[in-house]
Amino acid sequence: MTGGLFAVVGPSGAGKDTLMEAVAARRPEVRLVRRVITRPSSAGGEAFEGVTEEDFAARVAAGGFALHWRAHGLGYGVPVSVEADLAAGRLMLCNLSRAVLPEAAARFPGMRVLHVTARPEVLAERLAARGRESAGDIAARLTRAGHPLPGGLRVTEIDNSGALEAAVAQMLAALQPARA
């Protein structure tokens with residue numbers, strides 16, 4: 001594997017963070033980008049840095065993020081330190097919003113997208129099990145799940161509807177350099 005940024009995207013409940021952690025556990029050279037999010041660190045889910053809205057706004061103003069966006073009422077940021085990791089040749093997996101992909105592709109030439117999906121009934125079950133959203137919020141997330149990705153990107157589809165190991169194998173295969 002060689003360095004580069006892989007944007008991991010997909011609907012809530014698709015298992016993006018679980019897959020990323022499983023891949024990093026099997027391949028120590030793969031690094032996970034730790035996002036900054038305007039929610040308490042105790043909220044669970046992925047490993048992230050929780051900050052206040054004020055702290056987030058200050059980091060945006062100071063140029064502390066390579067990318068930042070708003071989704072689901074929260075601010076999300078990718079620390080500018082990711083650029084040093086990429087310059088050092090590291091392979092980075094970063095959970096991104098589909099909406100920020102065009103900006104990410106412009107900022108990180110050569111970026112590849114790993115689009116993690118799962119069947120609608122699997123998504124619904126996972127969202128309900130994590131207990132963070134109301135039934136209405138889950139329904140809204142499921143409606144957004146089918147939105148297409150922006151065009152012009154190098155995308156690999158990863159189906160995470162079944163056994164975790166099958167999806168991990170798909171993701172590991174996608175991380176291999178393209179053969180000439």
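Two strands pair if DSSP finds at least two bridges between them. I kept that cut-off at hand for the small β3 and β4 entry below. The model I am reading is predicted.

**Entry: the chain overall**

I looked up the element count first. The protein chain has seven helices and nine strands. I then checked burial. Of the 180 residues in the protein chain, 44% are buried. Next came the accessible surface. I noted about 8,800 Å² for the protein chain, with 55% of that on carbon and sulfur atoms. I also looked at contacts between residues at least 6 apart in sequence. Of these, 67% join residues at least 24 apart.

**Entry: the four-stranded sheet**

I traced this sheet as β4-β3-β6-β5. The sheet is open and its pairing is mixed. Which strands stand at the edges? I found β4 (49-50) and β5 (65-71) there. Each has a single partner strand, so one side of each lacks a neighbour in the sheet.

I went to β3 and β4 next. Strand β3 covers residues 36-37 and runs parallel to β4, with two bridges between them. That count meets the cut-off of at least two bridges. For I37 I looked up the bridge partner in β4 and found G50.

Then I turned to the helix on this sheet. Helix α2 (residues 53-61) packs there and touches β3, β4, β5 and β6 (74-79). I read an angle of about 140 degrees between the directions of α2 and β5.

**Entry: the five-stranded sheet**

I traced the second sheet as β2-β7-β1-β8-β9. This sheet is also open, and its pairing is parallel. At the edges I found β2 (30-32) and β9 (155-159). Each has a single partner strand, so one side of each is left free of a sheet neighbour. I checked the twist too. Neighbouring strands of this sheet are turned by 25 degrees against each other on average, direction ignored.

I looked inside the sheet at β1 and β8. Strand β1 (residues 4-9) and strand β8 (residues 112-117) run parallel and are joined by four bridges. What is the bridge partner of V8 in β8? I found L114.

**Entry: helices on the five-stranded sheet**

I followed α1 first. Helix α1 (residues 16-26) packs on the sheet and touches β1, β2, β7 (91-95), β8 and β9. Its direction makes about 165 degrees with that of β7.

I then followed α7. Helix α7 (residues 164-175) lies across β1, β2, β7, β8 and β9. I noted that α7 runs at about 165 degrees to β9.

Notes
Residues are numbered from 1 along each chain as its sequence is written. This is a predicted model: local features need pLDDT of at least 70, side-chain atom pairs count only at pLDDT 80 or more; totals for chains, interfaces and linings use all residues. Side-chain values use heavy atoms; hydrogens and water are left out. Buried means under 20% relative accessible area, exposed over 50%, partly exposed in between (1.4 Å probe, protein chains only). Contact means heavy atoms within 4.5 Å. Accessible areas come from the Shrake-Rupley method with a 1.4 Å probe; for residues, only the protein chains shown count as cover. Axes are lines fitted to C-alpha atoms, for helices over the stretch in contact, and angles run from 0 to 180 degrees between N-to-C directions.
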